[in-house]
Amino acid sequence: MASPPLDALLAALQLQPHVEGGYFRRTFQADHRAPIPTAGGDRWTMTSIYYLLTHDRPIGRWHRNASDILHYFHLGGPIEYSMIHPDGTLETAVMGPDPTQGHTLQLVVRGGVWKASALRCRSDGAYGLISEAVAPGFDYADMTLADRDELLMAFPQHRARILAMT
């Protein structure tokens, strides 16, 4: 089955530009359950979004979330994830459609880990579509967009990777 064209996908999923890059739409929040207390305030037990990187918005810039995030690959081409753990360890993973090529269909990023993503193919019309489930649920107050200089000072050993995704 062929992947749908980008413009049709954007319209069908009703995606909007995301502050970190790419496009998104919240698809679920556990508003049928009581919120749970966190250090940042009450949060839904879980939220979920569609997230799409495209040839014209191919980078999900460095950011950190307080909550754990589980990513699920759906359609399109591979997306490379870079993660810097609090101890400075750099981890990379490729989400994509073909596990026989080393792609993963699911990716866990724990709260407190810096992450960035990049669409591997950037030809016209290219895209990669994932979903994210966030627990406790996502709130913009729990997300920190990286300041390039601060990230470089904290992790100078990852300079090239940081510069590519900020």
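This is a short dialogue on reading a few features of a predicted model.

Student: Let's start with the helix at residues 6–13. Which residues of α1 are buried?

Tutor: Happy to begin there! Buried means under 20% relative accessible area. In α1, that label goes to L6, L9 and L13. These three span an arc of only 60° around the axis, so they sit on the same side of α1.

Student: And which residues are exposed on the other side of α1?

Tutor: There you find D7, A11 and A12, which are exposed.

Student: What covers the buried residues of α1?

Tutor: The cover includes four strands: β2 (23–29), β5 (47–54), β7 (68–76) and β12 (127–135). While you are in this region, look at the backbone just past the helix: Q14, right after α1, has a positive phi of about 55°.

Student: Now the aromatic rings. How many aromatic pairs does a search of the whole structure find?

Tutor: The general idea comes first: two numbers describe such a pair, the distance of the centres and the angle of the planes. Here the search of the whole structure gives one pair. It is made by F138 and Y140, with 4.9 Å centre to centre and 85° between the planes. Planes over 60 degrees apart count as edge-to-face, so that is the label for F138 and Y140.

Student: Is F138 buried or exposed?

Tutor: F138 has a relative accessible area of 19%, so it counts as buried. Its partner Y140 is at 44%, and therefore counts as partly exposed.

Student: Which residue lies over the face of Y23?

Tutor: That is R57, at 5.2 Å from the ring centre of Y23.

Student: On to pockets. What is the volume of the largest pocket, and which residues are closest to its centre?

Tutor: Its volume is about 180 Å³. The lining has 16 residues, and the closest to the centre are H18, F24, I49, E132 and F138. You have already met F138 as a member of the aromatic pair.

Student: Which strand gives the most to the lining of the largest pocket?

Tutor: β5 does, with three residues. At least two residues each come from β2, β5, β6 (59–65) and β12.

Student: One last residue: where is H158 placed?

Tutor: H158 is in the loop between α2 (148–154) and α3 (159–164). With 11% relative accessibility, H158 is counted as buried. Apart from neighbours within four places in sequence, H158 contacts I84, G88, T89 and L90.

How values were computed. Residues numbered from 1 in each chain as written. Predicted model: local features only at pLDDT ≥ 70, side-chain atom pairs only at ≥ 80, totals over all residues. Heavy atoms only, no water. Buried < 20%, exposed > 50% of the residue type's maximum accessible area, 1.4 Å probe, protein only. Arc of directions from axis to C-beta. Contact = heavy atoms within 4.5 Å. Phe/Tyr/Trp six-rings, centres within 6.5 Å; stacked < 30°, edge-to-face > 60°. Lys NZ or Arg CZ within 6 Å of the ring centre and 35° of its normal. 1 Å grid on protein atoms, 1.4 Å probe; cavity = no way out; pocket = protein on both sides within 12 Å on 5 of 7 lines; lining within 4 Å. Points joined across faces, edges and corners; volume = space filled by probe spheres on them.
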